[in-house]
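Biologist: I should be grateful for a close look at one part of this model, set in the context of the whole chain.

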Amino acid sequence: MVTANLCSSDLSSASDKVNHHGLSLKLMKRHIPNELLIVVENWLSSCDACVKWKEVWSVCFEVNFGVRPGSLLSPYLFRDVANLNDCYKRSYADDILLIAVTLSALESLLRASESELQFLDMSISVKKSSCIRIGHRHNVTCASITTYHGQPLHWVSALRHLGVFIVSSRSFKCSLVYARRSFYAAANGLFGKLLNLASEEVILELVRTKCAPILLYKLERFQLGKADRHF
């Protein structure tokens, strides 16, 4: 049975460093329709910002870098400008998951990604990146893989990727402990504020729409065991 080594790496301020002109060139090379290209360029060219200090606002200034965080389109635009598909098998925005059979191969993937990111004036956030092992040798102590600058990425027992906690074990397994904790916190906060102000029907509907998605997020991807089904 092969042991897989996983590294979840997070980029530092990635969305804020996307060059609008470079993004336009990337999209042109992908031969997207001119009409769509014009829409994207107009959307990005209208980015303005200002600074608020107490009750005083600064003069607005134009923002020539970055894609808007939280937008549904931003992760795809970031992926195109960073050309991540050439380095990674699976990536979404600035959350990247590297997978390799050996530690040396995993470190080589990390170095290759750092080289590409350095060209784009981006870097990996060491504090938000970590590694785990899945397979029959998952509990074997390994040396930490290091970044180009010699910073170690630590091995952990549970790794968070796109809101899902992957557990180091003999087979692929995800933990629902953190999702349950967040669900109970959201539900208790809801009960504490509305218990005497709203009907049971309203409270249950709010739990269904606001709290249940926290627990059910990505659940269709899991193979739930008996302990996971009875919580």
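Biologist: What percentage of the 231 residues in the protein chain is buried? With that settled, please examine the open sheet of three strands closely, and show how its surroundings compare with other parts of the chain.

Modeller: The model is a predicted one, in which local features require pLDDT of at least 70 and side-chain atom pairs pLDDT 80 or more, whereas totals for chains, interfaces and linings use all residues. Residues are numbered from 1 along each chain as its sequence is written, and side-chain values rest on heavy atoms, with hydrogens and water left out.

Of the 231 residues in the protein chain, 34% are buried; buried denotes a relative accessible area under 20%, exposed one over 50%, and partly exposed the range in between, with a 1.4 Å probe and protein chains only. The chain contains seven helices and 13 strands, which are DSSP runs (H or I, at least four residues, for helices; E, at least two, for strands) numbered from the N terminus. Among contacts (heavy atoms within 4.5 Å) between residues at least 6 apart in sequence, 65% link residues at least 24 apart.

The sheet you ask about is open, with its three strands in the order S11-S12-S13 and antiparallel pairing; two strands count as paired if DSSP finds at least two bridges between them. Strand S11 (158–161) and strand S13 (173–175) are the edges: each has a single partner strand, so one side of each lacks a neighbour in the sheet. On average, and with direction ignored, neighbouring strands here are turned by 40° against each other. The axes behind this angle are lines fitted to C-alpha atoms (for helices over the stretch in contact), and angles run from 0 to 180 degrees between N-to-C directions. Strand S12 (residues 164–167) is joined to S13 by three bridges, and the two run antiparallel. Opposite Ile166 stands Cys174 in S13.

The loop between S12 and S13 holds Ser169. With a relative accessible area of 9%, Ser169 is buried. Residues up to four places away in sequence aside, Ser169 touches Arg133, Ile134, Gly135 and His138.

Two of these contacts, Arg133 and Ile134, lead to strand S8 (residues 124–134), which pairs with S1 in the antiparallel sense over seven bridges. In that pairing Leu6 has Ile132 of S8 as its bridge partner. Strand S1 (residues 4–11) is mostly covered, since seven of its eight residues are buried. S1 is also joined by six bridges to strand S7 (residues 95–100), again antiparallel, where Ser8 has Leu97 as bridge partner.

Ile124, in S8, is among the residues in contact with Leu110, along with Leu98, Ile145, Thr146, Thr147 and Leu153, when neighbours within four places in sequence are left aside. Leu110 belongs to helix H4 (residues 103–119) and, at 0% relative accessibility, counts as buried. Leu110 and Leu98 are twelve residues apart in sequence, with a C-alpha to C-alpha distance of 7.6 Å.

Helix H2 (residues 34–45) offers a further view of burial. Leu37, Val40 and Leu44 are its buried residues, whereas Asn34, Glu35 and Val39 are exposed on the other side of H2.
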